[in-house]
Amino acid sequence: QVQLIESGGGLVQAGGSLRLSCAASEHRFAMGWFRQAPGKEREFVAAIGYGINIAYADTVKGRFAISRDITENTLALHMNNLKPEDTAIYFCAAAEGLALRTIAAHYDSWGRGTQVTVSS
């Protein structure tokens, strides 16, 4: 398994921006971001695979952007125009292989998460 450490969460007003970062102990092509709000199941946010394969949940498309730095083994999530419904703990995940994954069960490594709170 890969060790993953998220950072960058915090409190922001609606319409604001945050940048989350995930530091990985080793390189993985397949990585993603998920989030879990209180009382809700963990849900897919964004994922990246080999090359330029990227996917977003419909709820964040056009507002969030996922990116990575292969040389630093880091994954980022740039979040713009944040809404109160984006409030959740955000988790970084990694999987073996090259293919992009959008299902949580397909990932074998998880970070502990970082809290994002958006006030109205």
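In what order do the four strands of the open sheet stand, and is their pairing parallel or antiparallel?

1. In this model, which is predicted, the four strands of the open sheet follow the order β1-β3-β8-β7, and their pairing is antiparallel. The strands at the edges are β1 (4–7) and β7, and because each has a single partner strand, one side of each is left without a neighbour in the sheet. If direction is ignored, neighbouring strands of this sheet are turned against each other by 15° on average.

2. It helps to look next at one pair from that sheet, namely β7 (64–69) and β8 (74–79). These two strands run antiparallel and are joined by six bridges, and they form a hairpin that has four residues between its strands. In the turn of this hairpin, N73 has a positive phi of about 55°. Two pairings can be followed by eye along the strands: F64 stands opposite M79 in β8, while R68 has L75 of β8 as its bridge partner.

3. M79 also belongs to the largest nonpolar core, which holds 35 residues, and the members that touch the most others are M31, W33, L77, M79 and Y90. The elements that contribute two or more residues to this core include β3 (18–24), β4 (30–36), β7, β8 and β11 (114–119), whereas β9 gives the most, with six residues. As a general background, nonpolar side chains in soluble globular proteins tend to be buried together. Leaving out residues up to four places away in sequence, M79 touches G16, S17, L18, L20, R63, F64, Y90 and V116, and Y90 is thus named both among these contacts and among the core members that touch the most others.

4. A further residue to examine carefully is D86, which lies in the loop between β8 and β9 (88–95). Its relative accessibility is 1%, and D86 therefore counts as buried, since the limit for that word is under 20%. The side chain of D86 makes polar contacts with two arginine side chains, one with R35 at 2.9 Å and another with R63 at 2.7 Å. When neighbours within four places in sequence are set aside, D86 is in contact with R35, R63, F64, N81, V116 and V118.

5. The points above can be joined through a few residues that appear in more than one list. R63, F64 and V116 are touched by M79, and R63, F64 and V116 are likewise in contact with D86. F64 is, in addition, the residue that stands opposite M79 in β8.

Technical notes:
Residues numbered from 1 in each chain as written. Predicted model: local features only at pLDDT ≥ 70, side-chain atom pairs only at ≥ 80, totals over all residues. Heavy atoms only, no water. Buried < 20%, exposed > 50% of the residue type's maximum accessible area, 1.4 Å probe, protein only. Polar contact = N/O pair within 3.5 Å; in protein donor to acceptor, adjacent residues only side chain to side chain. Contact = heavy atoms within 4.5 Å. Core = buried A, V, L, I, M, F, W, Y, C linked by side-chain atoms within 4.5 Å. Pairing = 2+ DSSP bridges. Axes fitted to C-alpha atoms, helices over the stretch in contact; angles between N-to-C directions.
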